[in-house]
2 protein chains.
Amino acid sequence: MTRWKLTLEYDGGPFVGWQRQDNGPSVQEAVEKAIRAFSGETVTLHAAGRTDAGVHALGQVAHVDLAKSTDADTVQDAINFHLKPAPVAVVDVVEVDDEFHARFSATHRAYRYRILNRRAPLTLLAGRVWHVAAPLDAAAMQDAADALIGNHDFTSFRAAACQAKSPVKTLDALRVDHNGEEIAITVEARSFLHHQVRNIAGTLKLVGEGKWTRAGVEAALAARDRSRAGPTAPADGLYLMRVTYDPSP
Amino acid sequence: MTRWKLTLEYDGGPFVGWQRQDNGPSVQEAVEKAIRAFSGETVTLHAAGRTDAGVHALGQVAHVDLAKSTDADTVQDAINFHLKPAPVAVVDVVEVDDEFHARFSATHRAYRYRILNRRAPLTLLAGRVWHVAAPLDAAAMQDAADALIGNHDFTSFRAAACQAKSPVKTLDALRVDHNGEEIAITVEARSFLHHQVRNIAGTLKLVGEGKWTRAGVEAALAARDRSRAGPTAPADGLYLMRVTYDPSP
């Protein structure tokens with residue numbers, strides 16, 4: 001058996017999410033089927049993060065064990081061949097040792113939430129960003145975002161369905177970058193609560209519109225009550241950017 | 001009558017091109033219908049450039065005369081409202097005087113041709129870039145591109161169907177930018193021949209692959225023979241970026 005680390009990119013739009021489900025096509029199922037078509041082996045993929053329906057990935061990581069003796073380039077090309085026409089691609093393949101686990105060995109995850117802030121509706125970026133027509137103040141958003149950096153109880157930003165044992169997480173970075181019509185919120189942490197990034201994005205958008213202040217965000221965080229923070233931003237704008245392992249495999 | 005300058009963004013994928021045609025939906029028809037729905041007026045739009053089927057725009061410019069008395073924001077919002085769900089948006093509206101003509105007053109046009117250069121197939125950028133799997137040498141592409149800058153007879157890079165009176169054009173800029181997996185070819189000129197940018201992109205791609213040299217591109221240009229230059233790159237990667245007027249209206 002050889003363990004392979006796969007880095008995956010996908011358009012989350014047509015999928016019910018990463019995880020295999022009965023109610024529609026999942027990314028996991030698409031990749032597992034492609035692996036079976038190429039290797040003849042029925043496998044279970046383990047991913048670093050179970051992205052929700054509609055959420056995209058540029059650097060999702062998953063691992064799989066294959067009995068078939070082959071090389072990394074062949075694994076990549078063969079899976080990609082059998083994935084067509086699904087909008088999923090293996091962008092990197094590395095052989096790793098048996099200790100490596102895509103989810104449990106991960107030391108760092110980076111997400112990006114993209115907002116297109118303009119009066120006109122979306123064309124080329126439909127399904128790829130959150131369209132916000134009211135002008136947003138990115139500096140105010142960054143100021144409020146600073147209040148969320150560090151170790152906190154994020155109950156106010158946690159989905160009811162979240163299965164994490166603890167609501168306490170450490171945000172290592174939370175940046176609001178303004179570039180032309182686009183505002184990108186980049187968040188980095190060892191791990192995240194369910195909907196945490198989208199709930200932060202939905203809250204910061206209210207700050208950007210001038211409806212909320214940094215003090216309001218601080219109060220919402222301190223309240224440890226989901227109903228006190230902003231709404232969940234749409235899945236369209238969210239990207240799993242990168243998963244980091246130490247040492248890098 | 002008021003003359004309005006519209007700046008348009010669109011995903012060219014679902015269209016037969018800018019120009020109204022019998023064989024399918026055109027961008028021109030979509031916008032003219034939206035204007036009629038909002039104003040009750042049957043109008044003809046004049047565009048700066050007649051983009052081909054599948055070609056995108058971030059900054060196409062068109063003008064239209066309307067009898068209806070209104071303001072720029074209303075023109076923008078009303079056309080955008082009636083354009084839905086077509087992937088076309090009016091991103092800017094300015095009132096101009098009767099001397100302004102979107103096509104004939106233009107002094108400068110900028111196109112970009114985007115290539116995604118990687119082994120893995122496309123996911124999020126499907127339909128938005130040209131996927132080239134073989135590694136490209138962007139520096140070699142820029143070196144060959146330099147040979148095309150300036151005033152030349154571009155017969156070798158001109159489509160057979162081109163209706164321009166002269167094959168002589170002046171390329172003011174031709175830049176090859178390499179950023180991660182993406183290679184962007186930016187071309188600027190007062191005006192272009194039919195397929196000129198895509199024929200240049202198809203030729204520079206051969207240089208990037210090492211199949212052609214700068215000397216080969218120079219010889220192709222000098223030959224004034226379409227069969228001597230490279231193939232026409234796919235429409236997916238081409239964007240009309242910007243049209244400039246002097247003085248700016």
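How many salt bridges does the rule find across the interface of chain A and chain B? The rule finds 6, counting a side-chain nitrogen of Lys or Arg within 4 Å of a carboxyl oxygen of Asp or Glu. This is a predicted model, where local features need pLDDT of at least 70, side-chain atom pairs count only at pLDDT 80 or more, and totals for chains, interfaces and linings use all residues. Residues are numbered from 1 along each chain as its sequence is written, chains are lettered from A and ligands numbered from 1 in the order in which they are written, and side-chain values use heavy atoms, with hydrogens and water left out.

**View 1. Where chain A meets chain B.** Here 23 residues of chain A are in contact (heavy atoms within 4.5 Å) with 23 residues of chain B. Together the two chains bury about 1800 Å², with 56% of that coming from carbon and sulfur atoms; the figure is the accessible area (1.4 Å probe) lost on putting the two parts together, summed over both. On the chain A side, A:Arg119, A:Thr123 and A:Leu124 lose the most area to chain B, together 39% of what that side buries.

**View 2. Charges and polar pairs across the interface.** B:Glu9 and A:Arg118 join side chains in a salt bridge, 2.7 Å from N to O. Between the chains, 8 residue pairs are in polar contact, both at pLDDT 80 or more. A polar contact is a pair of N or O atoms within 3.5 Å; within protein, one must be able to donate a hydrogen and the other to accept it, and residues adjacent in sequence count only if both atoms are side-chain atoms. Strands S1 (2-10), S3 (56-66) and S4 (88-96) and helix H2 (72-83) of chain A each supply at least two residues of the side that touches chain B. Helices (H or I, at least four residues) and strands (E, at least two) are DSSP runs, numbered from the N terminus.

**View 3. Helix H3 of chain A and what covers it.** In H3 (residues 138-146), A:Ala138, A:Met141, A:Ala144 and A:Ala145 are buried. They sit on the same side of H3(A), because they cover an arc of only 120° around the axis, taken from the directions from the helix axis to the C-beta atoms. Buried means under 20% relative accessible area, exposed over 50%, and partly exposed in between (1.4 Å probe, protein chains only). The cover over these residues includes strands S5 (106-117), S8 (168-179) and S9 (182-189), plus helices H4 (196-208) and H5 (214-223), of chain A. At the start of H3(A), a side-chain oxygen of A:Asp137 comes within 3.1 Å of the backbone nitrogen of A:Ala139.

**View 4. A buried lysine in helix H4 of chain B.** B:Lys205 belongs to H4 (residues 196-208) and is buried, at 16% relative accessible area. Leaving aside neighbours within four places in sequence, B:Lys205 is in contact with B:Trp130, B:Val132, B:Leu136 and B:Met141.

**View 5. Backbone oddities in the loops.** Most residues other than glycine have a negative phi, and most peptide bonds are trans. The bond from A:Lys84 to A:Pro85 is cis, with omega near 0°, and A:Pro85 is in the loop between H2 and S4 of chain A. In chain B, a cis bond joins B:Lys84 and B:Pro85, with omega about 5°. A:His195, in the loop between S9 and H4 of chain A, has a positive phi of about 70° and is partly exposed at 22% relative accessibility.
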